[in-house]
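This report concerns salt bridges, strand pairing, backbone geometry and internal cavities in a single protein chain. The sequence and the coordinates are shown below for reference.

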Amino acid sequence: MKKYLAMAFAALGLMATSCSDDPVNTTTMGVVTYNYVTNLNDDSKNPVIKPGTYSFEFDLASNNMTLSTNNLDLGSNQVTSFTVEPAVPFKVALASFEGSYGNVFYGNAAGPYLAKNGMEVKNLAFELSPVYYVPPMLAFDSEANKEYGNINLDYIARSGVAPKMRYLLGSDHLIYTFWPDLYYTGKTTTSVNGVSGSDFESLNVGFRIKFDLDTKKALVVMHNAQFNPNMPEMKALILTDLDVDFTNNGYEINAENVVPFNLEGGKLTPYPNFPFTTFSFKAEGDMVNGSCDFTVAGRFTGHFDGKYMEYMVK
């Protein structure tokens with residue numbers, strides 16, 4: 001299980017500013033993410049998923065925060081911006097992971113606040129965490145695998161923190177923050193079909209979900225795949241070109257009879273005798289939590305529950 005942990009204010013990429021000779025008590029954070037905009041009153045409309053940037057200005061003396069964003073794309077040629085004023089109270093939690101420390105900023109505000117297009121911003125909840133999971137680095141020889149040109153394992157890296165945000169804009173739009181390259185870690189339980197007492201649990205398996213937002217496809221990498229204690233652990237099983245259904249409640253990936261690739265020594269090898277007979281990955285709500293059900297080669301049945309970032313605030 002590999003995670004990225006930024007250290008306190010400096011490593012969070014915060015820029016401190018002050019307007020007097022007093023000690024610095026204001027810090028500003030720019031966060032790059034994606035907005036996942038859903039329409040509450042029309043399930044037939046696909047979510048609008050576009051890049052976005054938020055500015056958080058924290059007054060450390062009063063524990064109040066001012067939030068603003070520009071060029072928020074709502075689809076249908078609607079673009080707006082807003083600033084949440086008056087300032088919103090926030091809290092700071094000190095997170096400890098494996099002997100390291102980082103600050104998590106979080107808060108809630110009912111509003112309403114007024115956006116520049118006249119819409120109201122309501123029920124804002126935010127959590128900025130320096131702790132989120134990143135996939136293990138894999139040796140991948142692009143030249144040796146050029147026959148599989150559609151496979152790209154480059155990681156779409158975040159800059160700074162992982163924001164978990166949710167708010168209402170007007171009467172129609174529910175907005176979450178989203179990232180198109182997510183790595184979930186947790187617990188995987190597998191069993192051999194028809195064999196009593198064959199349940200096998202692993203905390204080493206991780207699922208990387210990399211999205212192509214234009215084609216609504218996903219590349220899935222199952223890291224440290226192992227379905228039975230007598231089976232050797234495989235560093236990476238790769239499922240490519242899977243259809244993604246983006247819904248008003250998150251996303252789903254469903255596929256059948258997918259031939260995976262095994263990545264070993266930088267070279268991909270198709271595994272036609274080891275197909276994922278069924279594969280279903282779902283992440284709903286704020287998409288931090290994900291679950292997966294799968295069957296492999298008609299022999300193994302598995303279930304995974306995990307998340308891509310640490311929940312500091314329940």
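The sections that follow take up these topics in turn.

**Salt bridges**

The structure discussed here is a predicted model. Under the distance rule applied to side-chain nitrogen and carboxyl oxygen atoms, the count of salt bridges is six. Among them are the pairs in the following table.

| Pair | N to O distance |
|---|---|
| K146 and E143 | 3.0 Å |
| K267 and E147 | 4.0 Å |
| K217 and D243 | 2.4 Å |

What is the solvent exposure of K146, buried or exposed? K146 has a relative accessible area of 60%, and because exposed means over 50%, this residue is classed as exposed. Its partner E143, with a relative accessible area of 55%, is likewise exposed.

The salt bridge between K267 and E147 links distant parts of the chain, with the two positions 120 residues apart in sequence numbering. K267 belongs to strand β21 (residues 267-270), whereas E147 sits in the loop between β11 (131-133) and β12 (162-169). On the side of the strand, K267 is partly exposed at a relative accessible area of 31%. On the side of the loop, E147 is exposed at 57%.

The closest N and O atoms of K217 and D243 are 2.4 Å apart. K217 lies in strand β17 (residues 217-225) and D243 in strand β18 (residues 234-247), so this salt bridge ties together parts that are 26 residues apart in sequence. Both members of the pair are partly exposed: K217 has a relative accessibility of 23%, and D243 has a relative accessible area of 47%.

**Strand β12 and its partners**

How many of the eight residues of β12 are buried? Seven are, so the strand is largely enclosed by the rest of the structure.

Strand β12 pairs with β10 (residues 120-129) in the antiparallel sense, and seven bridges join the two. Within this pairing, V121 has L169 of β12 as its bridge partner. Strand β12 also pairs with β13 (residues 173-178), again antiparallel, over four bridges. Here R166 stands opposite Y176 of β13. The hairpin formed by β12 and β13 has three residues between the strands, and G170 in this hairpin takes a positive phi near 70°.

**Backbone geometry**

Most residues other than glycine have a negative phi, and most peptide bonds are trans. Against that background, several positions deserve individual mention.

Which peptide bond is cis, with omega near 5°? The bond in question runs from G111 to P112. P112 is located in the loop between β8 (100-109) and β9 (113-114).

N63 is not a glycine, yet its phi is positive, at about 60°. This residue occupies the loop between β4 (48-59) and β5 (64-75). With a relative accessible area of 36%, N63 is partly exposed.

M287, also a residue other than glycine, has a positive phi near 70°. M287 is found in the loop between β22 (276-284) and β23 (289-296). Its relative accessible area is 1%; because buried means under 20%, M287 is assigned to the buried class. In exposure, then, N63 is partly exposed, whereas M287 is buried.

**Internal cavity**

Rolling a probe the size of a water molecule over the atoms shows where empty space is left. A search of the whole structure finds one cavity of 30 Å³ or more, and the volume of the largest cavity is about 30 Å³.

Which residues line the largest cavity? The lining is made up of Y132, Y133, Y155, R158, D181, L182, Y183 and Y308. The elements that give two or more residues to this lining are β11 and β14 (181-192). Of these, β14 supplies the largest share, three residues.

By residue class, the lining of the largest cavity divides into six nonpolar, no polar and two charged residues. Tyrosine is counted as nonpolar in this division, and Asp and Arg are counted as charged. Among the lining residues are R158 and D181, which belong to the charged class under that assignment.

Key:
Residues are numbered from 1 along each chain as its sequence is written. This is a predicted model: local features need pLDDT of at least 70, side-chain atom pairs count only at pLDDT 80 or more; totals for chains, interfaces and linings use all residues. Side-chain values use heavy atoms; hydrogens and water are left out. Buried means under 20% relative accessible area, exposed over 50%, partly exposed in between (1.4 Å probe, protein chains only). Two strands pair if DSSP finds at least two bridges between them. On a 1 Å grid over the protein atoms alone, a cavity is a set of points where a 1.4 Å probe fits but cannot get out, and a pocket is an open set with protein on both sides within 12 Å along at least five of seven lines; lining residues have an atom within 4 Å of a point. Grid points are joined across faces, edges and corners, and a volume is the space filled by probe spheres set on the points.
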